[in-house]
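Visitor: I am new to this structure and would like to know how its descriptions are justified. Could you walk me through it?

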Amino acid sequence: MRRKVIAGNWKMNMLPNEAIEYIQAFGPLVKDTENEVILCVPYTDLFYCLLNAQGTNIKIGAQNMHFAENGAYTGEVSGKMLKAIGVEYVIIGHSERREYFAETNETVNKKIKSALENGLKPIVCVGEKLAEREAGKAKDIITKQTELALEGLTDEQVKNIIIAYEPIWAIGTGKTATAEDANNSIKDIRTKIAELYGNDVAENVIIQYGGSVKSSNAKELFTTSDIDGGLVGGASLKPDEFSKIVNYDK
Ligand code: PGA
């Protein structure tokens with residue numbers, strides 16, 4: 001059976017002192033969970049979070065990386081650099097990066113490859129816009145994004161990836177996809193992976209839902225057949241609220 005993976009995405013929030021206080025409060029609240037708990041934090045918080053998460057079951061991730069290992073890319077951080085300080089996960093292709101920072105399916109694919117080569121686990125975001133959903137194109141968009149993101153990867157590599165299905169209209173809007181719709185879209189993605197990489201890979205790959213997940217809807221979403229946990233933005237900023245999401249099954 002697939003495990004549940006619940007990741008917080010702090011986005012551009014939290015100063016180091018706030019991050020430290022958060023982890024000190026959050027650690028004890030999630031210590032008994034069997035679910036995988038990840039916090040994806042700003043670069044400037046990574047080191048503080050890694051230190052303070054030692055001895056807890058909280059894993060630390062970044063929110064982006066460059067695909068090159070090093071070089072003349074002013075302002076960028078590579079997968080190799082993240083790995084060197086002990087980071088385990090990295091979000092790739094979040095819709096905010098696709099929309100505001102010119103992330104494309106091609107750069108997403110390059111970043112995933114580089115993350116895997118450097119021993120990081122990518123959390124790869126896919127999702128449709130509202131107009132695309134209303135035009136009946138959601139399935140085409142998300143399966144194509146998945147196919148292009150994973151292009152050229154081996155079966156073993158795909159098994160190590162986490163996909164986050166995040167319908168863009170549900171991110172930060174308070175509008176959650178219904179559990180049934182989210183589960184169906186995730187099934188579409190899983191079916192596509194089965195076509196490309198076989199049933200064994202498809203049955204093992206973790207596919208999360210993201211978009212206005214909160215403690216009041218987590219259980220309904222995470223107890224469906226295909227949703228393997230969540231990528232949580234706004235509701236991950238408060239230790240108490242996020243711990244309730246992680247402990248949805250308690
Ligand atoms: P949200 O963000 O939970 O605030 O909707 C989710 C995300 O962008 O990953």
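Guide: Gladly; let us start with Val 213. Leaving out residues up to four places away in sequence, Val 213 touches Ala 218, Leu 221, Phe 222, Leu 231, Val 232, Ala 235 and Ile 245. Touching, or contact, means heavy atoms within 4.5 Å.

Visitor: Where is the place of Val 213?

Guide: Val 213 lies in the loop between strand E7 (206-210) and helix H11 (218-222). Helices (H or I, at least four residues) and strands (E, at least two) are DSSP runs, numbered from the N terminus.

Visitor: Why does Val 213 count as buried or exposed?

Guide: Buried means under 20% relative accessible area, exposed over 50%, and partly exposed in between, using a 1.4 Å probe and protein chains only. Val 213 has 4% relative accessibility, so Val 213 counts as buried.

Visitor: What kind of model is this, and what are its ground rules?

Guide: This is a predicted model, in which local features need pLDDT of at least 70 and side-chain atom pairs count only at pLDDT 80 or more, while totals for chains, interfaces and linings use all residues. Residues are numbered from 1 along each chain as its sequence is written, and side-chain values use heavy atoms, with hydrogens and water left out.

Visitor: What pLDDT does the chain average?

Guide: The average is 97, and 100% of the residues score at least 70. The scale for pLDDT, the predictor's confidence in each residue, runs from 0 to 100. Confidence is lowest in helix H6 (residues 130-134), with a mean of 93, and highest in strand E2 (residues 36-40), at 99.

Visitor: What makes the strands a barrel?

Guide: Eight strands run E1-E2-E3-E4-E5-E6-E7-E8 as a closed barrel with parallel pairing. From one strand to the next, the twist averages 25°. Such angles run from 0 to 180 degrees between N-to-C directions, with axes being lines fitted to C-alpha atoms, for helices over the stretch in contact.

Visitor: How do you know that E6 pairs with E7?

Guide: Two strands pair if DSSP finds at least two bridges between them. Four bridges join E6 to E7, which run parallel, so the pairing criterion is met. One of the partnerships sets Ala 164 against Gln 208 in E7. On another edge, strand E5 (residues 121-126) pairs with E6 in the parallel sense over four bridges, and Val 126 stands opposite Tyr 165 in E6.

Visitor: What makes both faces of strand E6 covered?

Guide: In E6 (residues 162-165), Ile 162 and Ala 164 on one side and Ile 163 and Tyr 165 on the other are all buried.

Visitor: How do you know that the span of helix H7 agrees with what is expected?

Guide: The expected span of a helix is 1.5 Å times one less than its number of residues. For the 13 residues of H7 (residues 138-150) that gives 18 Å, and the end C-alpha atoms are 18 Å apart, so the two agree. The buried residues of H7 are Ala 138, Ile 142, Thr 143, Gln 145, Thr 146, Ala 149 and Leu 150. Down the axis of H7, these buried residues fall within an arc of 155°, so they line one face of the helix. That arc is the one covered by the directions from the helix axis to the C-beta atoms.

Visitor: Which residues of helix H12 are buried?

Guide: In H12 (residues 239-246) they are Pro 239, Phe 242, Ser 243, Ile 245 and Val 246. Their arc around the axis is only 155°, so they sit on the same side of H12. Among the elements covering them are strand E1 (5-9), helix H1 (16-30) and strand E8 (229-232).

Visitor: Why is Ala 102 called buried or exposed?

Guide: Ala 102 has a relative accessible area of 60%, so Ala 102 is exposed. Ala 102 is in the loop between H4 and H5, and its phi is near 55°, a positive value in a residue other than glycine.

Visitor: And what about Glu 103?

Guide: Glu 103 is in the loop between helix H4 (95-100) and helix H5 (105-117). With 8% relative accessibility, Glu 103 counts as buried. Beyond its neighbours within four places in sequence, Glu 103 has contacts including Asn 64, Arg 97 and Lys 111.
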